[in-house]
Amino acid sequence: MEPTITPIDATLGATITGIDLADLDDIEWRRVEDAFHEYAALVFPAQNLSAEAQVAFSSRFGDIELLRPDPDHKAVSISNQKPDGDVLKPEEHRYQTLRGNEGWHIDSTYMPLAAKAGVLTAKVVPPTGGETELADMRAAYDALDEDRKARIEDLSAYHSLYESQAKIGHIVETGAGYGYHTKGAPLRPLVRTHPTTGRKSLCIGRHAYRIPGLDDAEAQSLLDDLIEFACQPPRTYTQNWQPGDLMIWDNRCVMHRARPYDFSETRIMQATRIAGDPASELAPTDRDERASGFEPSASNR
Ligand code: OGA
Ligand code: MN
């Protein structure tokens, strides 16, 4: 079978057909990896991968980032349906994290080690809405005018899930699970260089909340403006899911968000996440800086 790679009509993304991700030979794998680097996001329609097969495919890209502290669950369900079959209600914690996913973000930037890539298989999709949207942060950086590039060149932002959830009114007690911490926020440059392609891209998104050297209001408005500018055509792609479709995006240069849907309808996505390489995805945290004598000031507390 010869894979067919069809670029999507956007600055990122390609659709690959004529391939079985559950049974990849080395030549096919090389094609997929090259396409991943070139297009930054790949859609594989109608793969219907089991959790095990999705973990095996994801593992080709690197170690799996555990989304639960349980090595037996490398694939997790991102869903508004609970194990008992009921759908989540607004007062539930998981409901609020799903609502949070509807804001543009890069995965795990609030963890010391950010992710390399995200993988989703659609299992159950609502009749309308519930798409996943991607935005190309390479093309977004390239499209900035020279003044804006110069302004952000040396800036970094702190990233925090506590802060991004607080922005949508969801206040989470410290220690409430994956990534919710107010201390030890990673500090990441706004402009980053891809470890494989060498292309520059913007590292922004809803988890970014404070920029050392700027006051908080100015920082937030700069970050909001960058998201607004970045996530415009032709840099965006909307994945309209059919059950069985698989999509992978390069988390090192792509932002994503879930689109809203009627939460009385069930949506089940099978997710795996690939851990970043510490050489490029590990960020220093304010805790490290405190340990080395750093004193938080008014602008970076
Ligand atoms: C994710 C995510 C969006 C979606 O898996 O990290 O943000 O459409 N998912 O479910
Ligand atoms: Mn995500």
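This report describes the surroundings of ligand 1 and of the manganese ion in a predicted model.

## Where ligand 1 sits

Ligand 1 occupies the largest cavity. The residues around it are Ile78, Asn101, His105, Asp107, Leu120, Thr132, His256, Ala258, Arg267 and Arg273. By type, this shell holds three nonpolar, four polar and three charged residues.

## Polar contacts of ligand 1

Oxygen atoms of ligand 1 meet polar side-chain atoms of the protein at several places. With Arg267 the distance is 2.8 Å, with His256 it is 3.0 Å, and with His105 it is 3.1 Å. On its own, ligand 1 exposes 290 Å², and the protein buries 97% of this area.

## The manganese site

Ligand 2 is a manganese ion, and its protein donors are His105 and His256, each through NE2, together with Asp107 through OD. These donors lie 2.1 Å from the ion. Along the sequence the donor residues follow the spacing H-x1-D-x148-H. Both His105 and Asp107 are buried.

## Residues shared by the two sites

The manganese donors His105, Asp107 and His256 also appear in the list of residues surrounding ligand 1. For His105, the side chain provides a donor to the manganese ion and has an N or O atom 3.1 Å from an oxygen of ligand 1. His256 likewise donates to the ion through NE2, and a polar atom of its side chain is 3.0 Å from a ligand 1 oxygen.

Notes: Residues numbered from 1 in each chain as written. Chains lettered and ligands numbered in written order. Predicted model: local features only at pLDDT ≥ 70, side-chain atom pairs only at ≥ 80, totals over all residues. Heavy atoms only, no water. Near = heavy atom within 4 Å. Polar contact = N/O pair within 3.5 Å; in protein donor to acceptor, adjacent residues only side chain to side chain. Areas by Shrake-Rupley, 256 points an atom, 1.4 Å probe, with all protein chains shown as cover. 1 Å grid on protein atoms, 1.4 Å probe; cavity = no way out; pocket = protein on both sides within 12 Å on 5 of 7 lines; lining within 4 Å. Sits in = over half its atoms within 2 Å of the grid points. Nonpolar A, V, L, I, M, F, W, Y, C, P; charged D, E, K, R; others polar. Donors = N, O, S within 2.8 Å, 3.2 Å for Na, K, Ca; no water. Buried < 20%, exposed > 50% of the residue type's maximum accessible area, 1.4 Å probe, protein only.
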